[in-house]
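Colleague: Got a minute to go through this one with me? Let's put it up and start with the core.

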Amino acid sequence: FKALVQDSGMTVTAWVKCYFEKVVLPLYHLQVRHGLGLVAHGQNTILVLKRHCPAGLIIKDFHGDLRASTSSPHLPEIQSLGLDQLPPEHLIHDLVTGHLASVLRYFSALCQDHLGLLESDFYQILKSRVETYHAQFGAPQQTSLSLLRPTFEKVLVNKVRFHAGYKETGVRLKPMLGTLINNPIMKQQEVLHVHL
């Protein structure tokens with residue numbers, strides 16, 4: 001990863017901004033504007049590089065990982081495709097848990113350990129990119145859909161099995177939501193204010 005950033009000729013800050021603009025914001029846009037969520041855990045997303053810099057995103061392997069909001073503007077098409085539907089406040093977890101918790105927490109650690117970009121600065125850059133997106137397209141009407149919420153509900157994947165059992169029914173189980181956890185994008189702001 002370090003070599004990739006160095007070979008791009010960009011600063012780590014500029015490289016990370018490009019990543020957010022080419023990966024996180026398009027996934028966020030799908031959710032906020034189209035009511036479509038992708039559990040973007042890394043196996044179904046491919047980063048396109050141009051001269052070692054993030055240039056695009058390829059989404060693949062939709063089986064089970066592409067879902068729709070019950071308030072999506074594309075409901076007639078979605079229903080004909082047979083996509084799973086979730087309430088909008090549940091769907092945002094496809095991005096929060098699927099990408100922020102499963103990919104970005106490791107990515108931010110790599111940036112800090114190998115490139116000198118503090119984790120707090122990493123999330124400050126993401127916050128700034130999301131704010132720019134909101135300025136351009138408008139913030140989500142439902143605050144539950146915003147990436148700038150101070151907290152998110154913990155997703156309880158395994159607890160569902162205790163309720164549903166282990167018999168395979170062919171129906172994908174929907175996770176349960178638990179207690180609130182701090183949003184790393186906003187939590188870093190609190191840490192920064194303490195040190196100012």
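Modeller: Sure. In the largest nonpolar core, which has 35 residues, the members that touch the most other members are Val16, Tyr19, Phe20, Tyr28, Leu104 and Phe122. Keep in mind that this is a predicted model.

Colleague: Which elements give two or more residues to this core?

Modeller: That would be α2 (12-34), α5, α6 and α8 (184-195). The most comes from α2, with 11 residues.

Colleague: OK, and what does Tyr28 touch, leaving out residues up to four places away in sequence?

Modeller: Quite a list: Ile92, Leu95, Val130, Tyr133, His134, Pro140, Leu145, Ser146 and Leu147. Of those, Val130, Tyr133 and His134 are in α6, where they are buried.

Colleague: Which other residues are buried in α6?

Modeller: Ser120, Phe122, Tyr123, Ile125, Leu126, Lys127 and Arg129 are buried there as well.

Colleague: How does the span of α6 agree with what 19 residues should give?

Modeller: Helix α6 covers residues 119-137, and at 1.5 Å a residue it should span 27 Å; the end C-alpha atoms are 27 Å apart, so that agrees. Just after α6 comes Gly138, with a positive phi of about 90°.

Colleague: Switching to Asp94: is it buried or exposed?

Modeller: Asp94 is buried, at a relative accessible area of 3%. You'll find Asp94 in helix α5, residues 93-115.

Colleague: What does the side chain of Asp94 make a polar contact with?

Modeller: With the side chain of Arg67, at 2.3 Å. Leaving out residues up to four places away in sequence, Asp94 touches Arg67 along with Gln31, Gly37, Leu38, Val39, Ala40 and His99.

Colleague: Now the strands. How do β2 and β3 run, and how many bridges join them?

Modeller: Strands β2 (residues 45-50) and β3 (residues 53-59) run antiparallel, joined by six bridges. For instance, Thr45 has Ile59 in β3 as its bridge partner. The hairpin has two residues between the strands, and Arg51 takes a positive phi near 55° in it.

Colleague: How many disulfides does a search of the whole structure find?

Modeller: Zero.

Colleague: Why is there no bond between Cys53 and Cys18?

Modeller: Because the sulfur of Cys53 is 3.5 Å from the one in Cys18, which is too far for a bond; the cut-off is 2.5 Å. Cys18 holds the closest cysteine sulfur to that of Cys53.

Colleague: And are Cys53 and Cys111 buried or exposed?

Modeller: Cys53 is buried, with a relative accessible area of 12%. Cys111 is buried too, at 0%.

Terms used
Residues are numbered from 1 along each chain as its sequence is written. This is a predicted model: local features need pLDDT of at least 70, side-chain atom pairs count only at pLDDT 80 or more; totals for chains, interfaces and linings use all residues. Side-chain values use heavy atoms; hydrogens and water are left out. Helices (H or I, at least four residues) and strands (E, at least two) are DSSP runs, numbered from the N terminus. The expected span of a helix is 1.5 Å times one less than its number of residues. Buried means under 20% relative accessible area, exposed over 50%, partly exposed in between (1.4 Å probe, protein chains only). A polar contact is a pair of N or O atoms within 3.5 Å; within protein, one must be able to donate a hydrogen and the other to accept it, and residues adjacent in sequence count only if both atoms are side-chain atoms. Contact means heavy atoms within 4.5 Å. Two strands pair if DSSP finds at least two bridges between them. A nonpolar core is a set of buried Ala, Val, Leu, Ile, Met, Phe, Trp, Tyr and Cys residues joined through side-chain atoms within 4.5 Å.
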